[in-house]
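Got your viewer open and a chain loaded? Let's take a walk through it, one selection at a time.

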Amino acid sequence: MSKDKDEIFSAVALRYPDWADAPYISAKAKGSVARRLVEIADKNDVPIVQNAEMANVLSLQRLGSFIPESTYSAIAAIFAFVIKLDEANS
């Protein structure tokens, strides 16, 4: 993979604990570190959703911040998809 393509690859991890009003950004990275973040998630059976546009939007936010309200609908759809997959695999 070329260095340019690796530099634009983004990964963002979200957490949505019971106490939170919304999901928050628990990790984010670009380039080779982002690829490593995805590898770690995969090895630990953490659901991975590929959505480059959403990753780019969320990567602009501060680590530890709640997702922007403008992304609530899209993130809710992603969480619903992940929950549905999890239920199907149970």
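Before clicking anything, here is a term for the tour: buried means under 20% relative accessible area, exposed means over 50%, and partly exposed is in between, using a 1.4 Å probe and protein chains only. This is a predicted model, where local features need pLDDT of at least 70 and side-chain atom pairs count only at pLDDT 80 or more, while totals for chains, interfaces and linings use all residues. Residues are numbered from 1 along each chain as its sequence is written, and side-chain values use heavy atoms, with hydrogens and water left out.

**Stop one: the whole chain**

Switch to a cartoon view. You'll find 4 helices and 2 strands, in the order α-β-β-α-α-α from the N terminus. Helices (H or I, at least four residues) and strands (E, at least two) are DSSP runs, numbered from the N terminus. The radius of gyration is 13 Å, close to the 12 Å that the globule rule gives for 90 residues, so the chain is as compact as a globular protein of that length. That radius is taken over C-alpha atoms, and the rule is 2.2 Å times the number of residues to the power 0.38.

Rotate the C-alpha trace and you'll see a span of about 40 × 30 × 20 Å along its principal axes. Of the 90 residues, 27% count as buried. Now for contacts, meaning heavy atoms within 4.5 Å: among those with a separation of 6 or more, 58% are between residues 24 or more positions apart.

**Stop two: S10**

Select S10, in strand 1 (residues 10-15). Is S10 buried or exposed? At 11% relative accessibility, S10 counts as buried. Show side chains here, and look for polar contacts: pairs of N or O atoms within 3.5 Å, where within protein one must be able to donate a hydrogen and the other to accept it, and residues adjacent in sequence count only if both atoms are side-chain atoms. The S10 side chain has one with the side chain of K30 (3.1 Å) and another with the side chain of N56 (3.4 Å).

Leaving out residues up to four places away in sequence, S10 touches A29, K30, A34, A55, N56 and S59. Try a distance too: from S10 to E39, 29 residues apart in sequence, the C-alpha to C-alpha gap is 13 Å.

**Stop three: the loop between helix 2 and helix 3**

Go next to P47, which lies in the loop between helix 2 and helix 3. With 53% relative accessibility, P47 counts as exposed. Draw a line from P47 to A13, 34 residues apart along the chain, and their C-alpha atoms are separated by 9.9 Å.

N51 is in the loop between helix 2 (31-43) and helix 3 (52-59). N51 counts as partly exposed, at 32% relative accessibility. N51 and Q61 are 10 residues apart in sequence, and 16 Å apart in space, C-alpha to C-alpha.

**Last stop: T71**

Finish at T71, in the loop between helix 3 and helix 4 (72-89). T71 counts as buried, at 4% relative accessibility. Which residues does T71 touch, not counting residues up to four places away in sequence? Select M54, V57 and L58 to see them.
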